[in-house]
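User: I have a model open and would like to learn how to read its features. Could you take me through a few of them?

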Amino acid sequence: MNSTIIRQPTVATISPTHPSSHFPQITRCKTMRDIQQVHAHFIKTGQIHDTLAAAEILRFCSLSTLRDVGYARKVFHQMREPNCFSWNTIIRSLAESDGDEPMEALLLFCEMLCDGGVIPNRFTFPSVLKACARTCSLEAGKQVHGMILKFGFGSDEFVASNLVRMYVMFGAMEIAQFLLNKITVEYGSDSKLLRDKRRQEGTIVLWNVVIDGYVRLGDLRAARELFDKMPQRSVVSWNVMISGYAQNGYFKEAMEMFRLMQMEEVCPNYVTLVSVLPAISGLGALELGKWVHLYAERNGIEIDDVLGSALIDMYSKSGSIEKALQVFGVIPKPNAITWNAIIGGLAMHGCVKDALDFFSRMEQASITPSDVVYIVILSACSHAGLVEGGHWFFNHMANVHGFEPRIEHYGCMVDLLGRAGLLEEAEELILNMPIKPDDVIWKALLGACKIHGNVEMGNRIAKILMDMAPRDSGAYVALSNMYASLGDWEAVAKLRLKMKEMDIRKDPGCSWIELDGVIHEFLVEDDSHPRAKEIHLMLKEISEQLRLEGYKPKTTEVLLNMDDEDKESALCYHSEKIAIAFGLISTTPEAPLKVVKNLRICGDCHSSMKIISKVYERKIIVRDRRRFHHFEHGSCSCMDYW
């Protein structure tokens, strides 16, 4: 009887044999007031002493969409001899509730065992396991696991699957995978099960749960190993891996997984597209992003706020702010996230006036800005050097919308003031802010010290950073670069020796360019590409063209102690220049070139790109770590302020 009741989820699907069919007055209840009136009638007529009638009242109060746990608790405690179904019902209700109720569910389970009148069944333990997970009590979960074995439910598929879920929630992946393997062996060898579609789907779901557990812990290798061993996969299996790679910064792996998915003829769904778009954004793979957009349109996948925001972000970060604006224009009711995406895109491309205009339009549309939008706006002000505008928005955020500035907002203000040369004001802001400064905010000020050549302050800030994050290369590299730009090679040598002794390594410069849907990646002085010889010849041609235009390489950008000739040679082989050279030999004349760089573009490359865009009559778009640079006709969209 109990299992029959459990398997009927809604009133709408009640069959004539379901216990609820005996109590039509309960099934007709639309509010808690209705059920209370029925309850009162049952008490008055004595019908409440019917175990089945009391159980149905309890079920409505505990598990319906109108549930009232407090009232359900009273109903349960008034029951003379609650059966197993009633115990299961109240335990499940408490386990699924917030606050202290999950702990109460565990206590009630203990009471059930001590009472001795009712023996737990296979429907008792899943709720108890959920209560263990929600109370963060792994020890209690292990004790319940022992009881499951004691009562003979260790081989029960329903109970075992919930055990796996509990261990995954605790991050106890070795136990979770052991149980998964056990379930797979016990049930996977059953030929009857192989023909049972429902059980097959249940097993796949369980594999997905364990893979997701590894992903949540950041163990992508273990997740991939398990994924590769799956006898069967669902679209969810692919989505978990794509999302896991993308969220952990493994963009190429996410895109490769997306391609494998299509090769195995698994149709991407809405979640797939939302999951893969951040990876496409990270690499700036515009052609693949366009394919995803077209796929959504052709397959009737609604471009709602979430997918729309992801597409806007993808187009923005892939260099096509025009397409981002088009997507924004067709979203029926943009929310704060969508507005944030388009404002952020405009700011990233240096369209500061448009970004501020969209902010005004958002307020006019009665959309309350989130505190994230203010980070984007302050960043836009920083890109354009709008110090007064930055101050205005910083105050507007707190005074008008009541947002308490976060560390990110202060970081934007420090960056804004630092870039504008107001180093003392920036440092004063850090020292007086109510939040403890992190390494990111100090790095912003250190970067400003490098830009404006303030070695005294740079030394002081670098030491703070070295104490705060002694293994982080950022402070060492910035200080070393500052010394190198001043020609203090002795100080550079000492600092680099210290880095070597501590095994601290600088992140290598890396650039990539997408051609015909393929990402080509280049490092500094990279000669590993199949077309390396042709690239080398094009780099020589570019150097000659720059010389003819009267350009002199900025050798101060080479932070090594070598003669000027060697420095000029080193500048030729920066990763972004190699990517541009490859683009020039691989595309038709006048085709725009889009390059993504993992670090900030150096001064020499920035100046060179302007001339290259003029000489070769190409539009060149470079996305560095901070923003976009649109080079065309010998000038850059950043107006040399970056």
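Analyst: Keep in mind that this is a predicted model. We can begin with a pair of helices. Helix α6 (residues 84–95) packs with helix α8 (residues 125–134) at an angle of about 25°, and their axes are 9 Å apart.

User: What does that angle make α6 relative to α8, roughly parallel or roughly antiparallel?

Analyst: Angles under 35 degrees count as roughly parallel, so α6 is roughly parallel to α8. The crossing of α6 past α8 is left-handed.

User: Which residues make the contact between α6 and α8?

Analyst: From α6 they are Ile-91, Arg-92 and Ala-95; from α8 they are Ser-127, Val-128, Lys-130, Ala-131 and Arg-134. Sorted by class, the contact of α6 with α8 has four nonpolar, three charged and one polar residues.

User: Now the sheet. What is the order of its strands?

Analyst: The order is β2-β1-β3-β4-β5-β6, in an open sheet of six strands with mixed pairing. At the edges stand β2 (518–523) and β6 (635–636); each has a single partner strand, so one side of each has no neighbour in the sheet.

User: How do I see the mixed pairing in the sheet?

Analyst: Look at the two pairings of β3. Strand β1 (residues 510–515) pairs with strand β3 (residues 593–597) in the antiparallel sense, over three bridges. Ile-513 is found opposite Val-595 of β3. By contrast, β3 and β4 run parallel and are joined by four bridges. Leu-593 has Ile-620 in β4 as its bridge partner.

User: Where do the side chains of β4 point?

Analyst: The general idea is that side chains in a regular strand alternate between the two faces of the sheet. In strand β4 (residues 620–623), Ile-620 and Val-622 point one way, while Ile-621 and Arg-623 point the other way. All of these residues are buried.

User: Let us try a loop residue. Is Ser-318 buried or exposed?

Analyst: Buried means under 20% relative accessible area. Ser-318 has 4% relative accessibility, so it counts as buried. Ser-318 sits in the loop between α19 (305–317) and α20 (321–330). Apart from neighbours within four places in sequence, Ser-318 is in contact with Ile-280, Gly-284, Ala-285, Leu-286, Lys-594 and Phe-628.

User: And the protein as a whole: how many helices and strands does it have?

Analyst: It has 34 helices and six strands. The C-alpha trace spans about 100 × 60 × 55 Å along its principal axes. Of the 642 residues in the protein, 50% are buried. Among contacts with a separation of 6 or more, 63% are between residues 24 or more positions apart.

Technical notes
Residues are numbered from 1 along each chain as its sequence is written. This is a predicted model: local features need pLDDT of at least 70, side-chain atom pairs count only at pLDDT 80 or more; totals for chains, interfaces and linings use all residues. Side-chain values use heavy atoms; hydrogens and water are left out. Axes are lines fitted to C-alpha atoms, for helices over the stretch in contact, and angles run from 0 to 180 degrees between N-to-C directions. Angles under 35 degrees count as roughly parallel, over 145 as roughly antiparallel, 65 to 115 as roughly perpendicular and the rest as oblique. A crossing is left-handed if the near helix is turned anticlockwise from the far one by less than a right angle, and right-handed if clockwise. Contact means heavy atoms within 4.5 Å. Ala, Val, Leu, Ile, Met, Phe, Trp, Tyr, Cys and Pro count as nonpolar, Asp, Glu, Lys and Arg as charged, and the others, Gly among them, as polar. Two strands pair if DSSP finds at least two bridges between them. Buried means under 20% relative accessible area, exposed over 50%, partly exposed in between (1.4 Å probe, protein chains only).
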